[in-house]
Amino acid sequence: MNINDFIVQVALHEHRVFAEEICEEMAESAKARGTGIAKRSPEYVAGKMSDGKSVIAFHKDGSWAGFCYIETWSHGQFVANSGLVVSPKFRKVGLAHTIKEKIFELSRQKYPKAKIFGLTTGLAVMKINSGLGYEPVTYSELTQDEEFWKGCQSCVNFEILKSKERKNCMCTAMLYDPATQKHDVAKKFAEELQRKPKLYERFMRIKQRLILKPKPESKRKLKSIIYSFTHIF
C-alpha cells in the first residue's frame, strides 16, 4: 500500500455521512496519545464539509481514510488546520502529510492574508509544518481569541496552560505568516543575486528582454533562474 492508493480531496456536502466515524477516531487518537483535543460534534464536522472547509481522504476501495478541517479566528486574521486524523489501518504511508498539504493549500486559497497556526506535541506534525513554511513561535504570536483557547479545556494539560497564564504549555506553537514568507523569499533571491554576479547579469538581461519585447520563452527562463537558485519560487 502506498500514497497512490488514496484520493485526497476537498470534502463535499455528501461526505457528511462519514462525520460520526471521523469524530470517533479523533477521540480515540487523542486518547491513545494521552492528550486532549477540542471536541467536535458530528454536526460541526458535517458543517465544515458542506462549507468546503475541510479535506477528506479515501482508499481506492472506498473506505474513509483521513480528514482535516479549517477553523478561523480573530475575524479571519488567523487560520488553524485542525482535527487531522488518519484511520489506523492507513497510517505510515504518508497520508497525513498529503492531507496537511491539501488543507494548507485550501487555507491559502480561501484566506490568502491569514496567518496559519497550530499547536502540537507530535514530532511528525512539526516536521510536516516545517516543510510547509511554519516556524516555532511564542504563544503570544497566536490568536488571542478566547473561543480558541476554550478548546484547550478538554486537554489533559489544561491546568499547565492555566498555571503558565497561557504563555506556554506542552504543545509547540507553530505559525505560517504569508507576509513574512513573501519578505523572506524576496530577501533570499536578492542575496543570491549579490553573491553571484554572473547570475545577476543573466537575470537582468532576460528581465530587460522580457520588458522590452515580452516572449513566453523569456518569462519561462526568468522563472527557471529564480527557481534554480532559491528552490522555493
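## Helix H3: length and buried side

The expected span of a helix is 1.5 Å times one less than its number of residues. Let's try that on helix H3 of this predicted model. H3 covers residues 95-110, which makes 16 residues and an expected span of 22 Å. The C-alpha atoms at its two ends are 23 Å apart, which agrees with that figure.

Which residues of H3 are buried? They are Leu95, Ile99, Lys100, Ile103, Phe104, Leu106 and Ser107. These residues cover an arc of only 165° around the axis, which puts them on the same side of H3.

## The chain as a whole

Stepping back, the chain holds 9 helices and 7 strands. It has 233 residues, of which 41% count as buried. Among contacts with a separation of 6 or more, 66% are between residues 24 or more positions apart.

## The sheet

The 7 strands make up an open sheet with mixed pairing, and their order is E1-E2-E3-E4-E5-E7-E6. Which strands stand at the edges? They are E1 (6-10) and E6 (135-137); each has a single partner strand, so one side of each is left without a neighbour in the sheet. From one strand to the next, the twist averages 25°. Helix H2 (residues 42-50) packs on this sheet, where it touches strand E2 (54-59) and E3, and its direction makes about 85° with that of E3.

## Strand E4 and its partners

Strands pair through backbone hydrogen bonds, in either the parallel or the antiparallel sense. Strand E4 is a good place to see both. On one side, E4 (residues 78-86) runs antiparallel to E3 (residues 64-73), and 7 bridges join the two. Threonine 72 has valine 79 of E4 as its bridge partner, while tryptophan 73 is partnered by phenylalanine 78 of E4. E3 and E4 form a hairpin with 4 residues between them, and serine 74 in the turn has a positive phi of about 55°.

E4 also pairs with strand E5 (residues 115-120), this time in the parallel sense and over 3 bridges. Here the bridge partner of alanine 80 is phenylalanine 117 in E5. Is E4 largely enclosed or left open? Of its 9 residues, 7 are buried, so E4 is largely enclosed by the rest of the structure.

## Aromatic pairs

A search of the whole structure turns up 12 aromatic pairs. One of them joins phenylalanine 18 and phenylalanine 58: the ring centres are 5.1 Å apart and the planes lie at 65°, so the pair is edge-to-face. Phenylalanine 18 belongs to the loop between E1 and helix H1 (19-33), and phenylalanine 58 to strand E2, so the pair ties together parts that are 40 residues apart in sequence. Why does phenylalanine 58 count as buried? Its relative accessible area is 10%, and buried means under 20%.

Phenylalanine 67 and tyrosine 69 form another aromatic pair, with 6.2 Å centre to centre and 40° between the planes, and this one is tilted. Both phenylalanine 67 and tyrosine 69 are buried.

There is also an aromatic cluster, made up of Trp73, Phe78, Phe117, Tyr139, Phe148 and Trp149. Some of these names are familiar from the strands: Trp73 and Phe78 are bridge partners, and Phe117 is the partner of alanine 80.

Note on methods. Residues are numbered from 1 along each chain as its sequence is written. This is a predicted model: local features need pLDDT of at least 70, side-chain atom pairs count only at pLDDT 80 or more; totals for chains, interfaces and linings use all residues. Side-chain values use heavy atoms; hydrogens and water are left out. Buried means under 20% relative accessible area, exposed over 50%, partly exposed in between (1.4 Å probe, protein chains only). The arc is that of the directions from the helix axis to the C-beta atoms. Two strands pair if DSSP finds at least two bridges between them. Axes are lines fitted to C-alpha atoms, for helices over the stretch in contact, and angles run from 0 to 180 degrees between N-to-C directions. Contact means heavy atoms within 4.5 Å. Rings of Phe, Tyr and Trp (its six-membered ring) pair if their centres lie within 6.5 Å; planes under 30 degrees apart count as stacked, over 60 as edge-to-face and the rest as tilted.
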